[in-house]
Amino acid sequence: MTRPLLVACIASVFLSFAASAQSKHTLSGYIKDAKDGEVLIGATVLIKELNAGATANVYGFYSITIPSGSYTILYSFIGYEKIERTVSLAGDQRIDIELKESTRELKEVIVSSEKDPLTKVQNTEMSVAELDIKTIKKIPAFLGEVDIIRAIQSLPGISTVGEGASGYNSRGGNVGQNLILLDEAPVYNSSHMLGFFSVFNPDAVLDVKLHKGAIPAQYGGRLSSILDVRMKEGNNKKFETTGGIGTIFSRLAFEGPILKNKGSFIVAARRSYIDILARPFVKALKDGGALNFYDLTAKANYNFSTRDRIYLSGYFGRDNFLFSKDQGFSWGNQTATMRWNHLFNQKLFSNITGVYSEYSYKLEFGNDDANKFKWNSAIHNYILKPNLTYFINSNNELSFGGEGIYYYFIPANTIGTTNGIQRDVSLAKKYNLETSLYVNNIQRLSSVVSLDYGIRFSQFRSFGPDTVYHYNDTVPGIRRTVKSFTAHKSGQASTPFGSWQPRFSAKVQLSEVSSIKASYNRMVQYLHLISNTTASNPLDIWTPTSQNILPEIGDQYTLGYFRTLGKEHEWEASVESYWRATQNQIDYINGADLLVNKFLEGDLLSGKGRAYGLEFYLHKKTGRLNGWISYTLAKTELQVNGINNNNWYPTRYDQRHNLKVAAFYEINKRWSCSANFVFMSGTPATFPTSRYTDGGYVVPYNANDSRGNVRLPSYHRLDISVRLEGKPSTSKIVRKNHDYWIFSIYNVYARQNPFSIYFSQGDQRVPPGQQAQTQAKQVSIIGSLVPSVSYNFNF
């Protein structure tokens, strides 16, 4: 943003403050679901006479300041019946609204919780997708289980390297460059069972919002994307039980009022049972082994007054892969969130959040007590976030606040035992503090031009006790050696890293149904995921910024065209282009040692990256047949001195073409079906370019230091599912409201998609004088069709 434009925007905000005080009044309140009291995030309030409106925030609160007078107010949310009110505004008024679900026979499939079909065209947001949990539940899923992470992978710009890969990749970024939030608590590993399921229980999720670009100033800490998952608050009108019995796990949720219309709670649990079913037949499971995951999600809220509301929420989950009672590995997340909403007046809304988040993992193996290896690691976060929103008038919404995050790293508590002799090779703990302040304004300059601009400043520092190693300068690509070190005492602070991060987006309305949008944002990341595998795994290492590992910096530019089609705007279309340039991207020397390495920083290299692409999206929202098509054309590269002869090379998750098709068809009131097709270009792989024979065995190696010199075959897959709604219950004993069956097939035509390819000579040695024969072998995680059935209920 140029300096004159910044000055003009600031001046405009102050003029808006002055104008809003001239005989104007504020209409505000909360918009909720009439059935269960859940807030309707993104519901709209339209003042018909002024053609102006407001949108409910993540807590369902809206506020709009308009001149005195008599107005017709329209409250709406897609999938719900509209409410129209006539209001005579002679002073500030609060109107809370409850909307009823639409009773139309043909259900609407929603890919966003957008309230008005024109919202995506007319607001300033771009590179954003909101997934309604009802839509997520319709997408065919692996083993019939609803999965949020797999659902967002059907959207443009989002990809994965294949089955068994944790998390997702956004616009060419790696998995560690996505900030995943569950009720504002960071989740460091979002997957169960090595990526086949996500940690989010669909019975406890209310709203999912993904930011791929044009990221508001309130968010920071990651380069690629923000996935903001909001939990349900619980039914505040009546008690309700929801659950499901599936092929691999079952789930159960219970919710209800603490005090009707004042407070509510929800508790949801899941547990897999493969190990229980297989225990009689598998000796390792009989001897103490385990193969399971479980999680517990809970939330409660209470209105202490019309101005104050408290929320408490938490998550606890873990995966166990134990080959015996003493061997295997496990990992898990724990989060706790406390929030206080306070309404100072009709215009000023505040939320103060305190968060605890922990991610831990451990590895243990050895046949007896005399020969064992134990390793555990963890990241602890303590977070405080005050956020305030000031609704200046119908043309300006000002947000400001801050964030403080204290990090406590346990890189490795490691003890190795050989022949009964123990050796402690644990790594030193790390202590860091990240602080930030931000301000952001959404401004409507006219009926044609709207802006969303802000700035964030963040600072990151380390505290002792700590040892900073200084490395010798060597030929790039060769392991660096330590030349000296500096020891910091307990509590001693290092020199901080600071960064200004401007955010700006603009919308030009071409017509009622079309617009052009553009944005720029700078993101800075102080935590780094250290992984040299094709897919992220639970034992990958998180490490903080230091004097040897600089903060990652990303500058993203986006330009897009948005339009609705059809008489009732039932079609939504968009084309977005993006360019992201990154600095201080981490890669590794050949033969890098990432596990329990005291001098890990000596094996790391840094360079620059670039990612660019085009995203096409066409979505039909209503009718018996609906769904969407998304296509992404993209390229992602790195340039790091010491790798690939210092030339640009593709990242491990670079995919040129990415096509997704999701379709839903309502056959009648009881039967519906859906299908999901995926096509992705193969990811890059590094194959050996030469070989030699040693002791009769072939040793392949890369003679020219090339990276990503081969691409794996393309990935494609078709999934289908059929849903059968249950008949209404006539039982007077069981108060059953709703149940349904889901029959699904994952990977219908049994495609053996490649996860990796390796070279094998077999077990035979090569006699002297003979040419060795090696063979390329493909690894496929899932190579057959996977049928499943699940039963789901609500009463």
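User: Which backbone oxygen does the side chain of Asn626 reach?
Analyst: In this predicted model, the side chain of Asn626 comes to 2.6 Å from the backbone oxygen of Gly623. A polar contact needs a pair of N or O atoms within 3.5 Å, and 2.6 Å meets that distance.

User: What makes Asn626 count as buried?
Analyst: Asn626 has a relative accessibility of 4%. Buried means under 20%, so Asn626 earns the word. You will find Asn626 in strand S39, which covers residues 625-639. The C-alpha atom of Asn626 is 9.4 Å from that of Trp571, a residue 55 places apart from it along the chain.

User: Is Ser514 buried or exposed, and how do you know?
Analyst: Ser514 is buried, because its relative accessible area is 4% and the limit is under 20%. Ser514 belongs to strand S33, residues 514-525. Leaving out residues up to four places away in sequence, Ser514 touches Val121, Gln509, Tyr561, Phe562 and Arg563.

User: Why is Val448 called partly exposed?
Analyst: The relative accessible area of Val448 is 36%. Partly exposed lies between the buried limit of 20% and the exposed limit of 50%, so 36% puts Val448 in that class. Val448 sits in the loop between strand S28 (430-444) and strand S29 (449-463).

User: Which residues make the nonpolar surface patch with Val448?
Analyst: Val448 is joined there by Val508, Leu510, Ile516, Leu559, Tyr561, Val575, Leu614, Phe616 and Leu633, and the patch is about 740 Å². Strands S32 (497-511), S36 (552-565) and S38 (604-620) are the elements that give two or more residues to the patch.

User: What is said of Lys507 and salt bridges?
Analyst: Lys507, in strand S32, is buried yet has no salt bridge. The nearest side chain of opposite charge is Asp452, at 11 Å. A salt bridge requires a side-chain nitrogen within 4 Å of a carboxyl oxygen, so a partner 11 Å away does not qualify. The side chain of Lys507 does have a polar contact of 3.0 Å with that of Gln509. Beyond four places in sequence, the contacts of Lys507 include Val121, Asn123, Val448 and Ile516.

User: What makes Glu101 and Lys134 a salt bridge?
Analyst: Their closest N and O atoms are 2.5 Å apart, and the cut-off is within 4 Å, so the pair qualifies. Glu101 is in the loop between strand S8 (97-99) and helix H2 (119-122), while Lys134 is in helix H3 (residues 133-136), 33 residues apart. Glu101 is partly exposed at 28% relative accessible area, and Lys134 is partly exposed at 40%.

User: How many salt bridges does the structure hold?
Analyst: The structure holds 35 salt bridges. One of them joins Lys212 and Glu615, at 3.1 Å from N to O. That pair links distant parts of the chain, 403 residues apart: Lys212 in the loop between strands S16 (205-211) and S17 (225-231), and Glu615 in strand S38. Both Lys212 and Glu615 are buried.

User: Where do Arg522 and Asp555 lie, and how do they count for burial?
Analyst: Arg522 lies in strand S33 and Asp555 in strand S36, so the pair ties together parts 33 residues apart in sequence. Their salt bridge has its closest N and O atoms 2.8 Å apart. Arg522, at 22% relative accessibility, is partly exposed, whereas Asp555 is buried at 9%.

Definitions and conventions. Residues numbered from 1 in each chain as written. Predicted model: local features only at pLDDT ≥ 70, side-chain atom pairs only at ≥ 80, totals over all residues. Heavy atoms only, no water. Patch = residues over 30% accessible without salt bridge, like charges linked within 9 Å, V, L, I, M, F, W, Y side chains within 5 Å. Areas by Shrake-Rupley, 256 points an atom, 1.4 Å probe, with all protein chains shown as cover. Helix = DSSP H or I, 4+ residues; strand = E, 2+ residues; numbered from the N terminus. Buried < 20%, exposed > 50% of the residue type's maximum accessible area, 1.4 Å probe, protein only. Contact = heavy atoms within 4.5 Å. Lys, Arg positive; Asp, Glu negative; His and termini not counted. Polar contact = N/O pair within 3.5 Å; in protein donor to acceptor, adjacent residues only side chain to side chain.
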